[in-house]
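User: Could you take a close look at one part of this model for me, the backbone oddities, and then connect them to the elements around them? Keep it chatty, but be specific.

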Amino acid sequence: MKLRVVIIGLGTISEMHAKSYHANKQAELYGVCDRNEERAMTVAGQYGVEKIYTDAKEVFADDQVDAISICTWNNSHAELAIAAIKAGKHVLVEKPVAMTVEEAEKIKEVVDQNTAILQVGYVRRFGENALVLKKFIDSDKLGDIYYAKASLLRRIGNPGGWFADKARSGGGPLIDLGVHIIDACWYLMGRPKVKSITGHVYSLMGNRGNIENLSFYKTADYDATTNSVEDLANALITFENGSSLMVDTSYSLHLKKDQIALQVFGTKGGAELEPHLTIVTEENDTILNIDPQIDQSTFDFDSAFQNQIDAFVQACMTNGPSPAPIEDGIELMKIIQGIYTAAR
């Protein structure tokens with residue numbers, strides 16, 4: 001018996017869900033749902049899907065549906081996740097799990113009262129480089145992780161559309177990009193509880209639609225005159241166990257080129273997850289830089305997404321546990337909301 005899955009919301013990220021389910025032998029892409037029926041028909045035709053819905057309520061009422069992927073605007077994540085869980089459907093919800101901590105906690109209340117699995121889409125946990133490094137950390141090769149740095153900077157990369165509309169997205173690069181890199185470091189640090197946050201948010205440059213001769217991703221409804229999200233955010237997050245994480249992320253910054261760097265530091269060794277996996281330690285009074293020989297030493301979106309979908313399907317088929325549960329969603333929302341609050 002295969003897991004029958006419906007994808008709700010057929011924007012850009014839904015393609016990664018669709019092709020990953022299609023490649024999973026335990027899953028069946030049973031249906032697709034979007035308010036735009038023409039878009040739904042196009043995706044259904046591409047993957048040979050028979051069931052087409054234009055209202056999520058129809059999905060929740062269908063007894064043949066086992067699980068759903070929520071790929072809609074951020075402001076609808078909580079409402080859809082709660083309705084799906086109440087209907088007995090397993091849920092994979094794209095990050096962020098909600099717009100606020102309060103919304104995330106309401107999801108948890110419903111999850112706790114039901115048996116369905118909920119997984120938050122923290123896809124960077126499932127990159128091969130992260131999976132390998134996690135094994136090194138779990139076997140105590142790095143000792144106690146007490147410090148991490150996460151940086152994902154775009155020099156020009158405001159996608160526009162709903163991403164640039166705070167009412168629908170909840171914010172800019174922090175809630176869009178920052179949530180991924182924060183989760184990757186936080187997960188490798190052992191998922192410590194948040195204690196305090198210092199943060200700064202800057203909205204000084206807009207979406208820079210004036211830039212010529214350099215292309216960047218734009219949503220279908222891109223409008224250079226519409227933008228209500230930040231350009232840049234940075235923060236220092238301190239955890240209850242005394243460890244700390246520094247983070248910065250941007251859509252727009254006067255930077256020579258885009259940058260990504262993820263680093264964790266422990267009492268026995270350190271590691272760079274990005275731009276590619278390197279482990280630093282010492283032996284015989286000598287510092288060693290170790291380059292693990294793996295297929296994907298940097299984050300590969302396709303393989304990581306497949307790993308994420310495979311883990312979700314497996315959790316649904318075996319009744320859990322979820323590899324990225326709602327509790328993690330709440331802690332990440334505490335960090336994201338905390339940075340915005342600290343900045344204010």
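**Backbone oddities and their surroundings**

Analyst: Arg208 is buried, with a relative accessible area of 14%, which puts it below the 20% cut-off for calling a residue buried. Keep in mind that this is a predicted model. What makes Arg208 worth a stop is its backbone: phi is positive, about 55°, although the residue is not a glycine. As background, most residues other than glycine have a negative phi, and most peptide bonds are trans. You'll find Arg208 in the loop between β8 (194-202) and β9 (232-239).

Now set Asp285 beside it. Asp285 isn't a glycine either, and its phi is positive too, about 60°. It sits in the loop between β13 (278-283) and β14 (286-290). Is Asp285 buried or exposed? Asp285 is exposed, with a relative accessible area of 82%, whereas Arg208 is buried.

A further positive phi turns up at Asn319, near 65°, in the stretch following α9. That leads nicely to the cis peptide bonds. One of them joins Gly320 and Pro321, with omega about 5°, and Pro321 belongs to the loop between α9 (301-317) and α10. Another runs from Lys95 to Pro96, where omega is near -15°. Pro96 has its place in the loop between β5 (90-94) and α5.

So what do the helices beside those loops look like? Start with α9. Its 17 residues reach 24 Å from first C-alpha to last, close to the 24 Å expected at 1.5 Å a residue. Its buried residues are Ala304, Phe305, Gln306, Gln308, Ile309, Phe312, Val313, Ala315 and Cys316. They pack against β1 (3-8), α1 (14-23), β2 (27-33), β4 (67-70), β5 and β6. Notice β5 in that list: the loop that holds Pro96 lies between β5 and α5.

Next, α5 itself. The 13 residues of α5 (101-113) should span 18 Å at 1.5 Å a residue, and the end C-alpha atoms are 19 Å apart, which agrees. Val101, Ala104, Ile107, Val110 and Val111 are buried in α5. What covers them includes α4 (77-86), β6 (118-121) and α10. So β6 is named among the partners of α9's buried residues and also in the cover over those of α5.

As for annotation, an unreviewed UniProt entry gives "domain: Gfo/Idh/MocA-like oxidoreductase N-terminal" for residues 3-122. Over that span the chain is 42% helix and 24% strand, and the end C-alpha atoms are 21 Å apart. UniProt also lists "domain: GFO/IDH/MocA-like oxidoreductase" (unreviewed entry) for residues 133-271. That span is 19% helix and 31% strand, with its end C-alpha atoms 8 Å apart.

Finally, α10 (residues 326-343) is worth following from the Pro321 loop to a pocket. It supplies the largest share of the lining of the second largest pocket, five residues. That pocket has a volume of about 260 Å³. Its lining counts 16 residues, and Lys166, Gly170, Glu230, Tyr340 and Arg344 lie nearest the centre. By class, the lining has eight nonpolar, five polar and three charged residues.

Note on methods. Residues are numbered from 1 along each chain as its sequence is written. This is a predicted model: local features need pLDDT of at least 70, side-chain atom pairs count only at pLDDT 80 or more; totals for chains, interfaces and linings use all residues. Side-chain values use heavy atoms; hydrogens and water are left out. UniProt positions are given in the numbering used here, feature names are shortened, and annotations may be inferred rather than shown by experiment. Helices (H or I, at least four residues) and strands (E, at least two) are DSSP runs, numbered from the N terminus. On a 1 Å grid over the protein atoms alone, a cavity is a set of points where a 1.4 Å probe fits but cannot get out, and a pocket is an open set with protein on both sides within 12 Å along at least five of seven lines; lining residues have an atom within 4 Å of a point. Grid points are joined across faces, edges and corners, and a volume is the space filled by probe spheres set on the points. Ala, Val, Leu, Ile, Met, Phe, Trp, Tyr, Cys and Pro count as nonpolar, Asp, Glu, Lys and Arg as charged, and the others, Gly among them, as polar. The expected span of a helix is 1.5 Å times one less than its number of residues. Buried means under 20% relative accessible area, exposed over 50%, partly exposed in between (1.4 Å probe, protein chains only). Contact means heavy atoms within 4.5 Å.
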